[in-house]
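These are my notebook entries on a single structure. I record what I looked up, entry by entry.

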Amino acid sequence: MIELLYFPLALLAGMALGLAYFGGLWLTVRQLPRTNNPTVLTLISFLGRTGIILLGFYAIIVAVPHLPVLHLLLSLATFFWTRNLILQQVQPKFRSN
């Protein structure tokens with residue numbers, strides 16, 4: 001019965017990791033015109049965001065005792081679904097005539 005709790009936790013973890021990664025990417029891109037050294041900002045942001053999500057996905061694999069790959073795939077699907085949600089929010093809206 002306890003194993004059923006891992007599915008919603010995998011969904012929440014994937015969403016949190018997606019928000020951290022793609023939200024951080026969006027903040028980095030918005031900051032690029034105002035920085036003196038955009039290469040360093042981009043590199044540090046990439047390494048930090050990648051480190052966070054790798055640790056998060058590793059924690060999902062280690063924390064789940066049964067079927068860790070299934071939970072990893074579920075959290076990855078939620079991770080990319082969150083990406084699509086963020087894209088819908090930050091893309092400029094064009095009006096069609």
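**Entry 1: burial of a histidine.** I call a residue buried when its relative accessible area is under 20%. The model I examined is a predicted one. I looked up His71, which is found in helix 3, residues 68-90. Its relative accessible area is 3%, so His71 is buried. I then listed its contacts, leaving aside neighbours within four places in sequence: His71 is in contact with Glu3, Tyr6, Phe7, Ala10, Ile60, Val64 and His66.

**Entry 2: helix 3 as a whole.** I checked the span of helix 3, which has 23 residues and reaches 33 Å from its first C-alpha to its last. That is close to the 33 Å expected at 1.5 Å a residue. Which residues of helix 3 are buried? I found His71, Leu72, Ser75, Thr78, Phe79, Thr82 and Ile86. For the spacing of such positions I noted the general rule that an α-helix has 3.6 residues a turn, so residues three or four places apart point the same way. I also looked up the partners: the buried residues of helix 3 pack against helix 1 and helix 2.

**Entry 3: helix 1 against helix 2.** I turned to the packing of helix 1 (residues 6-31) with helix 2 (residues 38-63). The angle is about 180 degrees, and the axes lie 10 Å apart. An angle over 145 degrees counts as roughly antiparallel, and helix 1 and helix 2 are therefore roughly antiparallel to each other. On the side of helix 1, I noted contact residues including Tyr6, Ala13, Leu17, Tyr21 and Leu25. On the side of helix 2, those they meet include Leu41, Phe46, Arg49, Ile53, Phe57 and Ile60. By class, the residues of this contact divide into 13 nonpolar, 7 polar and 1 charged.

**Entry 4: aromatic pairs.** How many aromatic pairs does the structure hold? I recorded 5 aromatic pairs. In Tyr21 and Phe79 the ring centres are 6.0 Å apart and the planes are at 55 degrees, so I entered the pair as tilted. This pair links distant parts of the chain, with Tyr21 in helix 1 and Phe79 in helix 3, 58 residues apart. I looked up the accessibility of each partner: Tyr21 is buried at 15% relative accessible area, and Phe79 is buried at 4%. Phe79 also pairs with Phe80; their centres are 5.0 Å apart and their planes at 80 degrees, so this pair is edge-to-face. Phe80 counts as partly exposed, at 45% relative accessibility. I noted finally that Tyr21, Phe22, Phe57, Phe79 and Phe80 form one aromatic cluster.

**Entry 5: the loop between helix 2 and helix 3.** I looked up two residues here, starting with Val64, which lies in the loop between helix 2 and helix 3. At 8% relative accessibility, Val64 counts as buried. Not counting residues up to four places away in sequence, Val64 touches Tyr6 and His71. I also took a C-alpha to C-alpha distance: Val64 and Glu3 are 8.3 Å apart in space, with their places 61 residues apart in sequence. Is Leu67, by contrast, buried or exposed? Leu67 lies in the loop between helix 2 and helix 3, and at 56% relative accessibility I entered Leu67 as exposed. Its phi is near 55 degrees, a positive value in a residue other than glycine.

How values were computed:
Residues are numbered from 1 along each chain as its sequence is written. This is a predicted model: local features need pLDDT of at least 70, side-chain atom pairs count only at pLDDT 80 or more; totals for chains, interfaces and linings use all residues. Side-chain values use heavy atoms; hydrogens and water are left out. Axes are lines fitted to C-alpha atoms, for helices over the stretch in contact, and angles run from 0 to 180 degrees between N-to-C directions. Helices (H or I, at least four residues) and strands (E, at least two) are DSSP runs, numbered from the N terminus. Angles under 35 degrees count as roughly parallel, over 145 as roughly antiparallel, 65 to 115 as roughly perpendicular and the rest as oblique. Contact means heavy atoms within 4.5 Å. Ala, Val, Leu, Ile, Met, Phe, Trp, Tyr, Cys and Pro count as nonpolar, Asp, Glu, Lys and Arg as charged, and the others, Gly among them, as polar. Buried means under 20% relative accessible area, exposed over 50%, partly exposed in between (1.4 Å probe, protein chains only). The expected span of a helix is 1.5 Å times one less than its number of residues. Rings of Phe, Tyr and Trp (its six-membered ring) pair if their centres lie within 6.5 Å; planes under 30 degrees apart count as stacked, over 60 as edge-to-face and the rest as tilted.
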